[in-house]
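Me: I'd like to walk through this fold with you, piece by piece. Could you take my questions as they come?

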Amino acid sequence: MENKREFVPRLIAWEITRKCHLACKHCRGGARDTDYTGELTTDEALKLLDNIATFNEPIIIILTGGEPMARDDVFEIARYGTGLGLRMVMSPCGQLIDDESAEKIKASGIQRLSFSIDGATAESHDSFRGVPGAFEGTMRGIEICKKHGIEYQVNTTVTKLNVDELPDILELSLEIGAVAFNPFLLVPTGRGSDLVDMELSPDEYERVLDWVRIKAAEVDLFFKPTCAPHYHRIIRQKKGPEPKVKSPMGARMGHHPGSHGGGHRVKPSGHPGSMSSLTRGCMGGVSFAFISHIGEVQICGFLPVKCGDVREKDFVSIWDTSEVFLKLRDYSNIGGKCGRCEFIKVCGGCRARAYAVTGDYLAEEPLCSYEPGKRAESL
């Protein structure tokens with residue numbers, strides 16, 4: 001009998017195209033509204049899904065971009081993955097969704113869509129997204145999904161530009177019927193490197209995560225931050241009841257604090273949505289991987305270190321043998337205060353943020369204000 005793998009991907013983000021009509025300030029890939037050469041063909045895409053399906057595990061495939069709906073064969077790819085037993089979800093911009101495409105989304109077996117809303121108003125969202133009318137287009141796409149019974153969640157990239165709007169974006173997510181709200185803490189890569197001055201400070205970061213912890217217990221939707229692994233430390237440190245707060249931004253907004261990967265998750269019922277599937281804060285190389293539009297594999301889309309190429313080696317082999325993946329599965333390789341931290345096994349620090357700041361993906365998380373105590377091996 002074959003030995004069961006210790007590490008299996010639960011979530012794979014696949015940038016099926018980099019083409020996009022928006023010009024978002026934070027875009028990891030610096031996507032543009034142009035055709036890109038070298039993207040995987042339809043046959044290569046289907047072969048990749050065949051290979052991933054050999055894990056024989058309930059793997060979620062996020063079809064992302066760019067704008068995934070800019071690719072003509074997106075629904076063929078989704079339908080094929082569904083037929084293999086993979087759980088297909090998609091992250092469109094929203095503007096290309098109409099009644100016809102909504103029916104194709106349903107027919108292809110796509111289980112959930114995620115929409116990015118980076119401002120509570122058209123003005124702030126459109127400024128961040130770089131195209132007038134982006135907010136209106138996203139809201140129109142959401143209404144069409146609602147009409148067709150398609151499940152959707154909201155993602156928000158958090159910077160100094162919009163952090164004070166988080167309560168309003170959460171409220172908007174509830175109003176429009178989203179099943180989940182995932183704030184993404186900025187990782188300064190791609191065009192996002194131009195926003196490095198807009199990145200939250202460690203103390204602001206801590207206050208935002210504590211606000212999320214409190215609000216998550218109050219609202220009726222799945223609410224968890226992404227690219228914020230030390231959230232898993234915070235929810236373990238603070239277990240008692242907390243006062244309700246209006247805003248995440250600490251003393252400036254009237255709240256004084258006391259002292260995990262993202263995106264789509266799987267509920268026990270088999271649908272995208274709960275913390276039951278989490279391994280630790282940073283899942284890169286442990287239960288998560290990213291595949292680029294040209295087939296290059298990374299631990300996540302924000303860490304531009306090539307771990308393999310699916311045109312040269314199948315994904316399963318890359319997952320099992322990549323030197324980067326193997327290093328990240330051994331906690332003893334992580335340096336600085338992360339390596340000394342008693343929460344290393346539930347947090348891990350953001351490897352992409354460490355790389356963006358230091359050039360070393362094994363360095364300590366630069367935006368964590370916590371000073372480690374004695375490591376508790378039981379964690």
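Me: Let's start with strand β1 (residues 11–15) and β8: how many bridges join them?
Reply: Keep in mind that this is a predicted model. β1 and β8 run parallel. One contact point to look at is L11, whose bridge partner in β8 is F288. The number of bridges joining β1 to β8 is four.

Me: And β8 with strand β9 (residues 296–298): which residue of β9 stands opposite F290?
Reply: β8 and β9 pair in the antiparallel sense, over two bridges. The two strands form a hairpin with four residues between them. Opposite F290 in β9 stands Q298.

Me: In the turn of that hairpin, which residue has a positive phi?
Reply: Look between β8 and β9, where four residues make the link. The phi there is about 90°, and the residue that has it is G295.

Me: Now the side chains of β8: which residues point the other way from F288 and F290?
Reply: In a regular strand the side chains alternate between the two faces of the sheet. In β8 (residues 288–291), F288 and F290 point one way, and all four residues of the strand are buried. Pointing the other way are A289 and I291.

Me: Zooming out, which strands stand at the edges of the sheet?
Reply: Ten strands form an open sheet with mixed pairing, in the order β7-β6-β5-β4-β3-β2-β1-β8-β9-β10. Each edge strand has a single partner, so one side of each is left without a neighbour in the sheet. The edge strands are β7 and β10 (308–309).

Me: Staying in the sheet, what stands opposite I61 in β3?
Reply: Strand β2 (residues 60–64) and strand β3 (residues 87–90) run parallel, joined by four bridges. Opposite I61 in β3 you'll find M88.

Me: Helix α1 (residues 42–53) lies across which strands?
Reply: Use β1 as your guide here, as α1 runs at about 170° to β1. The strands that α1 lies across are β1, β2 and β8.

Me: How about helix α6 (residues 166–175): which of its residues are buried?
Reply: The cover over its buried residues includes helices α5 (134–147) and α7 (202–216). Strands β5 (152–158), β6 (180–185) and β7 (222–223) are also included in that cover. Just after α6, G177 takes a positive phi of about 85°. The buried residues of α6 are L166, P167, I169, L170, L172 and S173.

Me: Are helix α4 (residues 122–129) and α5 roughly parallel or roughly perpendicular?
Reply: Their axes come within 7 Å and cross at roughly 105°. The contact is made by A122, H125, D126 and R129 of α4 and A134, F135 and T138 of α5. Angles of 65 to 115 degrees count as roughly perpendicular. α4 and α5 are therefore roughly perpendicular.

Me: On to charges: how many residues apart in sequence are the parts tied together by K147 and D99?
Reply: The side chains of K147 and D99 meet in a salt bridge, 2.8 Å from N to O. K147 lies in helix α5 and D99 in helix α3 (residues 99–107), so the pair ties together parts that are 48 residues apart.

Me: Of that pair, is D99 buried or partly exposed?
Reply: K147 is exposed, with a relative accessible area of 58%. Buried would need under 20%. D99 comes to 35%, so D99 counts as partly exposed.

Me: What about K238 and D210: what is the relative accessibility of D210?
Reply: Their side chains meet in a salt bridge at 3.3 Å, N to O. The pair links distant parts of the chain, with K238 in the loop between α8 (231–237) and β8 and D210 in helix α7, 28 residues apart. K238 counts as buried at 14%. D210 counts as buried too, and its relative accessibility is 1%.

Me: Which residue forms a salt bridge with E218?
Reply: E218 counts as partly exposed, at 33% relative accessibility. Its partner is buried, with a relative accessible area of 16%. The closest N and O atoms are 3.0 Å apart, and the partner is K215.

Me: How many salt bridges does the count come to?
Reply: One piece of the picture is a network that links E199, R353 and E365. The count comes to 19 salt bridges.

Me: Last one: what share of the residues counts as buried?
Reply: The chain has twelve helices and ten strands. Its accessible surface comes to about 15500 Å², of which 50% belongs to carbon and sulfur atoms. Of its 379 residues, the buried share is 59%.

Terms used. Residues numbered from 1 in each chain as written. Predicted model: local features only at pLDDT ≥ 70, side-chain atom pairs only at ≥ 80, totals over all residues. Heavy atoms only, no water. Buried < 20%, exposed > 50% of the residue type's maximum accessible area, 1.4 Å probe, protein only. Pairing = 2+ DSSP bridges. Contact = heavy atoms within 4.5 Å. Areas by Shrake-Rupley, 256 points an atom, 1.4 Å probe, with all protein chains shown as cover. Salt bridge = Lys/Arg side-chain N within 4 Å of Asp/Glu carboxyl O. Axes fitted to C-alpha atoms, helices over the stretch in contact; angles between N-to-C directions. Parallel < 35°, antiparallel > 145°, perpendicular 65-115°, else oblique.
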